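Biologist: Hello, and thanks for sitting down with me. Could you take me through this model one feature at a time?

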Amino acid sequence: MTTIDRLDSWKEAGVITDAQHATLSEIVRRDRFSLFVELNALLYIGVVSVVAGLGWTFRDYVTSLGDAAILSILGLLMAVSFGYCFVRGPSYSNDEVESPYFAFDYILYFACLVLAATLAFIETRFELFHGWDTHLLIAALVFGVLAYRFDNRFVLSLALSTLAGYLGLKLGFDTLDIDVYLQLGANAVLLATVSGVFDDDTGWGYLAVLLILSALSIYLGIRFRKFAFVAYGTLFGYAGLSIKVLDAAGDAIFAMVYFVITGSIVVFALVVVARTFGRDE
């Protein structure tokens, strides 16, 4: 009797479940296993690292390279990456459209990050937009259009985080320029983590990371008197936790009661913290 036969008999006898049988059978047969999550993580890290490297290089060598050379490089990168996406990408549809292959999303994400870097460079060097709020609003609108054009969750999170940065400036969280980058970074990371909570296989892991990041955002927001980060940590953490709670419950009445009670608690807590910040200042 082979190992597969034994596994079949164990499954029929109820010793192991169907899922356990399938997993053990794949190991015995030495079937291929998916590296989808690992490859996506590597691509994401690679894209962000490349763009960060470009920004670091241009910052340190702007004098020797010159504005024209830097803008030419950024323009070429955008033309190639955006051109590739529009030529090789799927046609627009009102229904959900799958990416042609998993690397396509990261090419589009790379193009958007290069666009953001280009706009930031133009504003830093020439002050063309006369303020970071206009720059962020333009970027948010472009990212939003691209996100819905290509049904891309990464770009949508980038659009929302950029819009949050714009609103942060308009609401008065603009005492330091670095706040813009901190708010963009916090929103981008938290939104990307929330999007992972929807995944059936790795959702709980993403939720754990999200709760840690949310707690850190709340702590640092209180520590450095930045209410925006307290709000980000609270709202994103609440959203991620709610996704899993409601998914496990699967009941409409429970969902209504849950949002009425917990939503009220969250709003009340934020109002109390906001008033505390106001009194201290």
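Modeller: Gladly! Let me begin with a term: patches are made of residues with over 30% relative accessible area and no salt bridge, and nonpolar side chains are joined within 5 Å. Please keep in mind that this is a predicted model.

Biologist: Which residues form a nonpolar patch on the surface, and what is their accessible area together?

Modeller: Ile253 is a good place to start, as isoleucine 253 is found in helix 12, residues 252-280. Its relative accessible area is 62%, and because exposed means over 50%, isoleucine 253 is exposed. The patch is formed by Ile253, Val257, Val260, Ile261 and Ile265, and together their accessible area is about 490 Å².

Biologist: Staying in helix 12, is alanine 269 buried, exposed or partly exposed?

Modeller: Alanine 269 is found in helix 12. Its C-alpha atom is separated by 9.9 Å from that of alanine 231, 38 residues apart along the chain. Buried means under 20% and exposed over 50%, so with a relative accessible area of 35%, alanine 269 is partly exposed.

Biologist: Now for the interior. Which helix gives the most residues to the largest nonpolar core?

Modeller: The largest nonpolar core has 26 residues, and those with the most contacts inside it are Phe82, Leu108, Cys112, Phe143 and Val155. Two or more residues each come from helix 5 (67-88), helix 6 (102-126), helix 7 (132-150) and helix 8 (153-170). The element that gives the most, with 12 residues, is helix 6.

Biologist: Which residues does phenylalanine 82 touch, leaving out those up to four places away in sequence?

Modeller: Phe82 is among the residues with the most contacts inside the largest core. Not counting residues up to four places away in sequence, phenylalanine 82 touches Leu108, Ala111, Cys112, Leu115 and Leu146.

Biologist: How many residues are in the second, separate core?

Modeller: Leu190, Leu191, Val194 and Ala228 are included in this second core. The core is separate, and its residue count is 11.

Biologist: Is leucine 119 buried or exposed?

Modeller: Leucine 119 is found in helix 6, and it touches Phe129, His135 and Ala139, not counting residues up to four places away in sequence. From C-alpha to C-alpha, leucine 119 and leucine 71 are 9.9 Å apart in space, though 48 residues apart in sequence. Since the relative accessibility of leucine 119 is 10% and the cut-off is under 20%, leucine 119 counts as buried.

Biologist: Let's turn to charges. Which side chains meet in a salt bridge, and at what N to O distance?

Modeller: The count comes to one salt bridge. This pair links distant parts of the chain, 58 residues apart, with aspartate 67 in helix 5 and arginine 125 in helix 6. At 42% relative accessibility, arginine 125 counts as partly exposed. The side chains that meet are those of aspartate 67 and arginine 125, at 2.9 Å.

Biologist: What is the phi of aspartate 151, and where does the residue lie?

Modeller: Most residues other than glycine have a negative phi. Aspartate 151 has a positive phi although it is not a glycine, and it is partly exposed with a relative accessible area of 30%. The residue lies in the loop between helix 7 and helix 8, and its phi is about 50°.

Biologist: What is the phi of arginine 225?

Modeller: Arginine 225 is found in the loop between helix 10 (203-223) and helix 11 (227-249). With a relative accessible area of 33%, arginine 225 is partly exposed. Although arginine 225 is not a glycine, its phi is positive, at about 60°.

Biologist: And the aromatic rings: what is the geometry of the pair formed by phenylalanine 86 and phenylalanine 150?

Modeller: The count comes to three aromatic pairs. Phenylalanine 86 lies in helix 5 and phenylalanine 150 in helix 7, so their pair ties together parts that are 64 residues apart in sequence. Phenylalanine 86 counts as partly exposed at 44% relative accessibility, whereas phenylalanine 150 counts as buried at 3%. With 5.1 Å centre to centre and 70° between the planes, the pair is edge-to-face.

Biologist: Which residues form one aromatic cluster?

Modeller: Phenylalanine 86 and phenylalanine 150 already form an aromatic pair. The cluster is made of Phe86, Phe104 and Phe150.

Notes
Residues are numbered from 1 along each chain as its sequence is written. This is a predicted model: local features need pLDDT of at least 70, side-chain atom pairs count only at pLDDT 80 or more; totals for chains, interfaces and linings use all residues. Side-chain values use heavy atoms; hydrogens and water are left out. A nonpolar core is a set of buried Ala, Val, Leu, Ile, Met, Phe, Trp, Tyr and Cys residues joined through side-chain atoms within 4.5 Å. Buried means under 20% relative accessible area, exposed over 50%, partly exposed in between (1.4 Å probe, protein chains only). Helices (H or I, at least four residues) and strands (E, at least two) are DSSP runs, numbered from the N terminus. Contact means heavy atoms within 4.5 Å. Patches are made of residues with over 30% relative accessible area and no salt bridge: like charges are joined within 9 Å, nonpolar side chains (Val, Leu, Ile, Met, Phe, Trp, Tyr) within 5 Å. Accessible areas come from the Shrake-Rupley method with a 1.4 Å probe; for residues, only the protein chains shown count as cover. A salt bridge is a side-chain nitrogen of Lys or Arg within 4 Å of a carboxyl oxygen of Asp or Glu. Rings of Phe, Tyr and Trp (its six-membered ring) pair if their centres lie within 6.5 Å; planes under 30 degrees apart count as stacked, over 60 as edge-to-face and the rest as tilted.
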